[in-house]
Every structure is written in C-alpha cells, then in structure tokens.
Amino acid sequence: MSLIIYNNLTKKKEEFIPIEEGKVKLYVCGVTVYDDIHMGHARSMIVFDTLVRYLRFIGYDVTHVTNFTDVDDKIINKANKEGTDPLELSARYIERYFEDADSLGIKRADIYPKASESMAPIIEMIEEIIANGFAYPTPDGSVYFEVRKVKEYGKLSKQKLDSMESSGRVVLDEQKKDPMDFAVWKGAKSGECSWDSPWGKGRPGWHIECSAMIKQYLGDKIDIHGGGSDLIFPHHENEILQTEAVTHDMLANYWMHNGMLQVKDEKMSKSLNNFFRVRDVSKKFDSNTIRFYFLNTHYSSPLAYGEDMLTEAQSALKRLKNNYAELLDYSKKGPGADDDSCDILESARYRFMDAMNDDINTSIAIEVMFELARSTNKMMADKSLSKRTAAKIIKMIDEFNTILGILPEDDDMKDDGTADAAMGVLIELRKELRARKQYDLADMIRNKLAEAGIVLEDSADGMKWKKM
C-alpha cells in the first residue's frame, strides 16, 4: 500500500513520492505568539503531529520544521499596551505554547525557528528577490513584492489576480505600484522594534519569514508544506511567489491544509473573539479526548466546536479505553489454547493502514478500532479468544496509538497487579457485607468506587471492575 495525499496544489489525490528516497522534508506554519493557543491552533497541531507520527511509523526519516512568528503588528500592539518589550512578550507565549503542546501529546518538531532570529537569511532572500526583478524598495525603507511580474499568481488558491482582494493583514500603501503588492520588508515606525537592513531599519513582512526559514533549514524545495486552510491565500500563495522568484523551482511538491474549527459557522480565531484556549479546555477534558475529537473527523473537513461535542467524544472514547483494559485483563486470565482469531488481527491491521494511507483518514482508522473492540468484546464474552491472541491485539492497538495518541501512552492501564489485588479485596468485602445484610455499607463501597471512576459489573465469572 502506498501513501496517497490530497495535494491542494493540483486539487487531486496523488501518490506520495519524496524528493529523496526514505526522507521527508516537512514545513508547517506555526503561530503568531501574542496570546495562548486556542483550539483552532490545536487542531492544526494535532493533524500535523499525526502526519509526522505516521510518516515515521512507515519508515520515513522526517525533518519537521514549525516556525514562530514573534515579530508582528499584533505582538507590538499588545506589548505597547502592556508596557513590555515585544520580544519578551513573544518569548513568554512561546514558553506557554510548549506547555500547551505538551499537554496535547504533541511530539516536538525538529526545529522551531523564530522570525527575530532569522533576520540574516530573510534579508539575504529579499536581496535576491530584488536582484531578480521581482521586488522594489520604497522611500520609507520598505520593500514590496511586485505581483504583476509573476505569470502564475493564484496557482494554489486558483484565483485570478484581478479578482483577488487584499488580506486584512496587508496594509494598503500609496507607495505600492499595485494594491496587490505585498511587503517583504517594512520600514521602521516609531515605537516598533526594528533591525538594520540595506534599505534602512525595519522588520520583515509576514510572508517572507516562512520562505527564508524553509530555504535555510530545508533547502530550496520541500516535500510537504502544511498549515490551516485559512493560510492558502494570501500567505501560502505569497510564499510560493517569494521562493520561486529566487529558486526558479516549486516550493513544495505537496500542499496539505487542515479544515477550520468553526463556532456558529465562523472560523475560530482571536480576531473574531470566539476562541477557546487550550489550557482552559484541558481543565475539563484530557489530551486523549481532545485528540480523539479532532481525529474522528477527516483533517481537511471543517469541524464544529462545542463542549457538548467534546463530551460526546469523551463518552465514545471510554468504549475504546474499556475494551483495552478488558483485553489487558483477559490476556492474563483468558483461555490459553490457540485459536483462529488471528484473522481478525490481520484484517484490522490491513484496514487501519489502508485508511491512513488514503490521505491520512484518521476517522476511518478510528472506526476500525471500534469494530475491533466490538468483535473482541464478543469473543471475550464467549471465550473464543485466546489470551495469546489478546496479547497480540494489545500490541497492535499500542502500535495504532503511537500514531493517533488517543489512548494513554504511559503504563497507567498496565498496572503490576496491585490495583487488581486491591479491588479484589474490596469486592470480597462487599460480598461479605451483603451476605450479612449490611446493604448500606455494601452500597457505600459501590458508590465511592463510582465517584472514583470505577464501576462494578456482574458477570458469569463473578463480580468484575473496570474504569469508566
């Protein structure tokens, strides 16, 4: 099975063929660090974390770069309001970013470049763009990219130049030759942080940092460029112009974009003030639930946000957690004879991998895990599953989870028998209390366990316990 990716550049699914065999160069646009990350950011982070996990799982050597925009109008404005240095403000939120990312189970990227630490490659790239005839300096010390010099502007967003409208992040300026020209360097203004350049003091425009960082850390051309679908225009469109004006080659072979997280039919964003911070949501829902909520929908589709939907995800995920816990118990106590149930194991593995190879379709991959849970629950109930096969299924689920991260990755569920022993004592005590007709004490034990997230269930083999 080959990995197939929907390429937003060509608008079709394509077999993934890396530039260099066995290696993948991946760049994902990061966040502008002037506030805590919200759940919209979390979706993109989890989507591309899962992509990287899967690429590595199937044997690729991945170099993953995600940037921090730590020089920006919003950062400067907020720092001025707080009476803080802009770089101190952004450094604070970068630290909080990593706290939130860790809480979501996000594997660290290989490189996290910052705009403030990339001035030399940024200035060098701008100089090359000017030398190649695609940009011009202005009297105020700014430099603008001249979009009319490009024949294929709009090839990613599939828009015609004359029908495009400037993004709200692009400030119109009388010094521009064309309203669609965009700043690759902004001349310094009073009260703003700035750096020396051949055109005077200033700071980089929004788009140029990504082009320069990609070139610096990954080379002229990369395999996959990722980010949210809201970045297609103008950010990614302009990245393409800048890079190709220098390299005369494609910036990326594959473009992948996650769909927007929506609140009442609008994308979640700080500018619309309809966002929910990850650290606030994480007080109510664990990382496994949040990851499950996002991955249970295909990454490219829009997704509605609501606490009720997270609650539903939490409830659904409990079924997988309970099945996993029961398989762990069964692998120790179930029948020891071989059986013919290995077929279910191989079928689940094939269908899971087939789903992931089909444009990282995590929603189908998760459905495969639910089907496996339903089948194994039935087989454990009628004792048609051997403990040896149960152990093999557990190992396979662990492999799936290294990709999805929707079940606890530590040993919380794989105890050393202490919890089983302690629960056995409580179950026997409750049984004795009931025999003595001390029902109030027996019920108190059940109720206290329920409050702790443990449920007691009658079975053919006697009373059993499991985590809710």
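**Exercise 1. Which residues is I224 in contact with, leaving aside its neighbours within four places in sequence?**

Solution.
Step 1. Note the source: this is a predicted model.
Step 2. Set aside the neighbours of I224 within four places in sequence.
Step 3. Read off the early part of the chain: I224 is in contact with I5, F16, V24, K25, L26 and Y27.
Step 4. Add the rest: L51, L55, Y254 and M256 are also in contact with I224.

**Exercise 2. Find the residues with the most contacts inside the largest nonpolar core, and the helix that gives the most to this core.**

Solution.
Step 1. Recall the general background: nonpolar side chains tend to be buried together in soluble globular proteins.
Step 2. Take the largest nonpolar core, which has 90 residues.
Step 3. Rank by contacts inside this core: M39, I224, F352 and I406 have the most.
Step 4. Assign the helix: α1, residues 39-57, gives the most, with 10 residues.
Step 5. Keep the second core apart: it is separate, has 47 residues, and includes F145, L156, V184 and I232.

**Exercise 3. Describe how β10 is placed and how β9 is joined to it.**

Solution.
Step 1. Apply the cut-off: buried means under 20% relative accessible area.
Step 2. Count over β10, residues 252-258: 7 of the 7 residues are buried, so the strand is largely enclosed by the rest of the structure.
Step 3. Pair the strands: β9, residues 222-228, runs parallel to β10, and 6 bridges join them.
Step 4. Check one pair: G228 has N258 in β10 as its bridge partner.
Step 5. Trace the connection: the chain goes from β9 through α6 to β10, a right-handed β-α-β crossover.

**Exercise 4. Locate the cis peptide bond between F233 and P234.**

Solution.
Step 1. Start from the general expectation: most peptide bonds are trans.
Step 2. Read omega for the bond joining F233 and P234: about 5°, a cis bond.
Step 3. Place P234: this residue lies in helix α6, residues 232-247.

**Exercise 5. Are K158 and K437 exposed or partly exposed? Give the phi and loop of each.**

Solution.
Step 1. Recall the general pattern: most residues other than glycine have a negative phi.
Step 2. Take K158: phi is positive, about 60°, although this residue is not a glycine.
Step 3. Locate K158: the loop between β6 (143-145) and β7 (182-187).
Step 4. Classify K158: at 49% relative accessibility, this residue counts as partly exposed.
Step 5. Take K437: phi is near 65°, again positive.
Step 6. Locate K437: the loop between α13 (418-435) and α14 (439-451).
Step 7. Classify K437: the relative accessible area is 63%, so K437 is exposed.

Methods
Residues are numbered from 1 along each chain as its sequence is written. This is a predicted model: local features need pLDDT of at least 70, side-chain atom pairs count only at pLDDT 80 or more; totals for chains, interfaces and linings use all residues. Side-chain values use heavy atoms; hydrogens and water are left out. A nonpolar core is a set of buried Ala, Val, Leu, Ile, Met, Phe, Trp, Tyr and Cys residues joined through side-chain atoms within 4.5 Å. Buried means under 20% relative accessible area, exposed over 50%, partly exposed in between (1.4 Å probe, protein chains only). Helices (H or I, at least four residues) and strands (E, at least two) are DSSP runs, numbered from the N terminus. Contact means heavy atoms within 4.5 Å. Two strands pair if DSSP finds at least two bridges between them. A crossover is right-handed if, with the strands pointing away from the viewer, the path from the first strand over the helix to the second runs clockwise.
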